[in-house]
Amino acid sequence: MLVKVLAAAIQGINATLVTIEVNALRGIKFYLVGLPDNAVKESQQRINSALQHNGLRFPCKQIIVNMAPADIKKEGSAYDLPIAVGILAADEVISTAKLGSNLIMGELGLDGKLLPVKGVLPIAIKAKELGYTGIILPESNAAEAAVVNGLTVYGATDLMQVINFLNDKEEIPAYTINIENDFYSRQSHFPFDFSEVRGQESVKRAFEVAAAGGHNLIMVGPPGSGKSMMAKRLPSILPPLTLQESLETTKIHSVSGSLPNGSSLITQRPFRSPHHTISSVALCGGGANPKPGEISLAHNGVLFLDELPEFSRDVLEVMRQPLEDRKICVARANYKVEYPAGVMFVASMNPCPCGYYNHPTKACTCNPGQVQRYLNKISGPLLDRIDIQCEIVPVPFEKISDERPGEPSAAIRERVIAARKIQEERFKDEEGIYCNAQMTPKLIARYAALDDTSLAMLKTAMSRFNLSARAYDRILKVARTIADLGGSENIQFQHIAEAIGYRNLDRESWGT
């Protein structure tokens, strides 16, 4: 008997329908075709054990399993359940009545228990797009799939429950969640808050400006000055995720397998902080079995690289195009995938090898050449994509010992949200532009025009501080954000002055 079971394969962060065709004929052999990887080929042993453990037997017939389309590689153990269902249906143990309307995915344990799988959200979205009414999954994946409206989600615990459900002997309750309550109730709970930061008012202001305009930021300062501490608090002042952004982010984490079991949507902007030993593949994505990298896992959130010069030069150069295009295309001989990479890039570094260049109390032991060589580990094209460059100094004892809390993140976040709303209205007719950091030269000329006084000051600053030509557009973008934070329609003198202050780490004026 020939039967067909519906499943799916992941390509990039999207799903493709896979039809598992099972034919039971006279004979005793088992054939699994359709470009399966080793994990899929091993499904026969897991299925056999699961059937025996539940009092069933593997059919004593020639079983041919074809996974169509055959030109797409099938990876992972998520095909255990649909293959098992197909084999039992071909042996007439399971009714085929519900197979045409439900997509089935799940990994089998040796005792028949259903184990969680990756990529459930894009699979559920694909099932809804193709018009299928339901999806049968492991119970721990049900919440993730239930965010797709109009799709009935059945979360099963084991193989026998699925068999009984398909044979109308047992009902599996449809899993439902209140998306709005689940999403909005968890958006304002953060483990870190800026009220815990003592001093560093100028750096906190730089973070506020960066968050308001979506600007990339780098901090340079000695060890122990609070660079990592403040970076971890950045998500608490960023605007909350929209439901669409949450779906995009959750899809990426679902495909990578980093979504916690039993969770539905990611409700807070991701914060990724990879170690400096990371490889370029781990950062940008790809590999033998392509997966999103750290830069994609930080999509709609923050990618923080601590001790930036310690990262491999190849790893840092990988980021140049994604930071500009907000996406990354990974092309190999046998596949080509595209991952989103709309991140806010934040980095920190020591000012020199010993860490104490420009320190107010400790002497630096490096000569000027060493300082410059240390900074030269960061290429000009990468530095060009960082709008705000700020110097951070140690907090004096008086500030550290002050028990009064600083301004809370909630208050800073309100100002950031107000500035983002101004930008949202400004760029509503510009496709792909959401914040000031993304402005093109044409938009800069339209929305960041200067009066004569401000233009004269900018000209003087570029000459006096020997700023590069690339700093010109960056200063205007940051000044536009500062004006938005102040509720000013036009860029004023003080806005340009503050924006110029955020370029004090340009190569021409640092380490010489």
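The exercises below, each with a worked solution, concern a predicted model of a protein.

**Exercise 1. Overall description**

Describe the protein by its secondary structure, extent, burial, contacts and charges.

Solution. Begin with the secondary structure: the protein has 22 helices and 18 strands. Next, take the extent along the principal axes, where the C-alpha atoms fill a box of roughly 90 × 50 × 45 Å. Of the 512 residues, 52% are buried. The accessible surface is about 22,500 Å², and carbon and sulfur atoms contribute 50% of this area. Then turn to the contacts with a separation of 6 or more: 74% of them are between residues 24 or more positions apart. Finally, consider charge: there are 54 positive and 55 negative side chains, and the centres of these two sets are 4 Å apart.

**Exercise 2. The surroundings of helix 6**

Determine which residues of helix 6 are buried, which elements they pack against, and what is found at the start of the helix and just after it.

Solution. Helix 6 spans residues 159-166, and six of its eight residues are buried. These are Leu-159, Gln-161, Val-162, Ile-163, Phe-165 and Leu-166. Their packing partners include two helices, helix 2 (43-53) and helix 3 (80-90). The buried residues also pack against strand 6 (107-108), strand 7 (114-115), strand 8 (134-138) and strand 9 (152-156). At the start of the helix, a side-chain oxygen of Asp-158 comes to within 3.3 Å of the backbone nitrogen of Met-160. Just after the helix, Asp-168 has a positive phi of about 60 degrees.

**Exercise 3. Two pairing patterns**

Give the strand order of the open five-stranded sheet, then contrast its pairing sense with that of strands 15 and 16.

Solution. The order in the sheet is 11-14-17-10-18, with parallel pairing. Its edges are strand 11 (271-272) and strand 18 (388-391), each paired on one side only. At one of these edges, strand 11 joins strand 14 (residues 302-305) through two bridges. Phe-271 has Val-302 of strand 14 as its bridge partner.

Strands 15 and 16 (residues 336-340) run antiparallel and are joined by five bridges. Four residues form the hairpin connection between them. Strand 15 (residues 327-331) has Ile-328 and Val-330 on a covered face, while Lys-327, Cys-329 and Ala-331 are on an uncovered one. From the covered face, Ile-328 has Tyr-339 in strand 16 as its bridge partner.

**Exercise 4. Two residues of helix 10**

Decide whether Ser-254 is buried or exposed, then list the contacts of Ser-254 and Glu-245.

Solution. Ser-254 lies in helix 10 (residues 243-256). The cut-off for burial is under 20% relative accessible area. Ser-254 is at 2% relative accessibility, and therefore counts as buried. Its side chain makes a polar contact of 2.3 Å with the side chain of Glu-144. Beyond residues up to four places away in sequence, Ser-254 touches Lys-118, Gly-119, Val-120, Leu-121, Pro-122, Glu-144 and Leu-259.

Glu-245 also lies in helix 10. Setting aside neighbours within four places in sequence, Glu-245 contacts Pro-240, Arg-269 and Asn-300. With the side chain of Arg-269, the Glu-245 side chain makes a polar contact at 3.1 Å. The side chain of Glu-245 also reaches the backbone nitrogen of Thr-242 at 3.1 Å. As a last step, locate Asp-37, which is 208 residues from Glu-245 along the chain; their C-alpha atoms are separated by 33 Å.

How values were computed:
Residues numbered from 1 in each chain as written. Predicted model: local features only at pLDDT ≥ 70, side-chain atom pairs only at ≥ 80, totals over all residues. Heavy atoms only, no water. Buried < 20%, exposed > 50% of the residue type's maximum accessible area, 1.4 Å probe, protein only. Contact = heavy atoms within 4.5 Å. Areas by Shrake-Rupley, 256 points an atom, 1.4 Å probe, with all protein chains shown as cover. Lys, Arg positive; Asp, Glu negative; His and termini not counted. Charge placed at Lys NZ, Arg CZ, Asp CG, Glu CD. Polar contact = N/O pair within 3.5 Å; in protein donor to acceptor, adjacent residues only side chain to side chain. Pairing = 2+ DSSP bridges.
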